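Trainee: I am new to this structure and would be grateful for a close look at a single part of it, namely the sheet. Please describe how the strands are arranged and what surrounds them.

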Amino acid sequence: MITAIVLVHADSARIPETAQALADIKGVAEVYSCAGDVDLIAIVRVRDHEQIAEVVTGRINKTDGVLRTATHIAFKSYSQADVEAGFSIGE
């Protein structure tokens with residue numbers, strides 16, 4: 001599974017509607033509304049790189065309210081559970 005983090009600049013008057021429209025796209029696992037340099041962050045999880053192109057350029061970039069995006073591909077996932085599991089001894 002490939003994970004992409006898509007930073008979305010959106011029309012400020014349409015953020016809730018845009019976020020919901022993005023969340024409804026197949027391949028988009030989560031959408032976060034946030035403060036800072038971007039308006040929304042979409043987490044895309046797909047099986048191959050071609051699907052990233054379909055989801056991001058074919059769907060996300062064409063969603064009403066999306067002004068521009070920047071996509072980052074994740075190589076490896078780290079979590080607190082992974083760290084704890086690595087240090088547990090037969091618990």
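Mentor: The following account treats the sheet, strand by strand, and then its surroundings.

The model is a predicted one. The protein contains three helices and four strands, and along the sequence these elements follow the pattern β-α-β-β-α-β-α. The four strands form an open sheet in the order β2-β3-β1-β4, with antiparallel pairing. The edge strands are β2 and β4, the latter spanning residues 66-74, and each of them pairs on one side only. On average, neighbouring strands of this sheet are turned by 20 degrees against each other, direction ignored.

Let us begin at the edge formed by β2. Strand β2 covers residues 28-33 and strand β3 covers residues 40-46; five bridges join them in the antiparallel sense. One position that can be located in the display is V31, whose bridge partner in β3 is A42. The two strands belong to a hairpin with six residues between them, and in this hairpin G36 takes a positive phi near 120 degrees.

The pair β2 and β3 also carries a link between side chains. E30 and R45 meet there in a salt bridge, with a distance of 3.4 Å from N to O. This contact links distant parts of the chain, since E30 belongs to strand β2 and R45 to strand β3, 15 residues apart. A search of the whole structure finds one salt bridge. How exposed are E30 and R45? E30 has a relative accessibility of 31%, and therefore counts as partly exposed. R45 is likewise partly exposed, at a relative accessible area of 38%. For both values the relevant range is the one between under 20%, which is buried, and over 50%, which is exposed.

The next step across the sheet leads from β3 to β1. Strand β1 spans residues 2-10 and pairs with β3 in the antiparallel sense over seven bridges. Within this pairing, I5 has I43 of β3 as its bridge partner. On its other side, β1 pairs with β4, again in the antiparallel sense, over eight bridges. Here V8 is matched with T69 of β4 as its bridge partner.

Why is β1 described as largely enclosed by the rest of the structure? Seven of its nine residues are buried, so the strand is largely enclosed. For the protein as a whole, buried residues make up 29% of the 91 residues.

We may now turn to the helices. Helix α1, made of residues 15-23, lies across β1, β2, β3 and β4 and runs at about 165 degrees to β2. A residue to examine in helix α1 is A19. A19 has a relative accessible area of 16% and is therefore buried, the cut-off for that word being under 20%. If its neighbours within four places in sequence are left aside, A19 is in contact with V31 and L40. V31 has already appeared above as the bridge partner of A42. A19 and V66 are 47 residues apart in sequence, yet their C-alpha atoms are 9.3 Å apart in space.

Helix α2, residues 49-56, offers a second point of reference, for it holds I52. With a relative accessible area of 8%, I52 is buried. Apart from its neighbours within four places in sequence, I52 is in contact with I2, A4, V46, T57 and I73. The C-alpha atoms of I52 and I73 are 9.3 Å apart, and the two residues are separated by 21 residues in sequence.

Two further results concern charges and rings. The charged end of K76 sits over the ring of Y78, at 5.2 Å from the centre of that ring. A search of the whole structure for aromatic pairs finds zero.

A final value describes how the chain is brought together. Among contacts between residues at least 6 apart in sequence, 66% join residues at least 24 apart. In summary, the sheet has the strand order β2-β3-β1-β4, helix α1 lies across its four strands, and strand β1 is largely enclosed by the rest of the structure.

Terms used
Residues are numbered from 1 along each chain as its sequence is written. This is a predicted model: local features need pLDDT of at least 70, side-chain atom pairs count only at pLDDT 80 or more; totals for chains, interfaces and linings use all residues. Side-chain values use heavy atoms; hydrogens and water are left out. Two strands pair if DSSP finds at least two bridges between them. A salt bridge is a side-chain nitrogen of Lys or Arg within 4 Å of a carboxyl oxygen of Asp or Glu. Buried means under 20% relative accessible area, exposed over 50%, partly exposed in between (1.4 Å probe, protein chains only). Rings of Phe, Tyr and Trp (its six-membered ring) pair if their centres lie within 6.5 Å; planes under 30 degrees apart count as stacked, over 60 as edge-to-face and the rest as tilted. A charge sits over a ring if NZ of Lys or CZ of Arg is within 6 Å of the ring centre and within 35 degrees of the ring normal. Contact means heavy atoms within 4.5 Å. Axes are lines fitted to C-alpha atoms, for helices over the stretch in contact, and angles run from 0 to 180 degrees between N-to-C directions.
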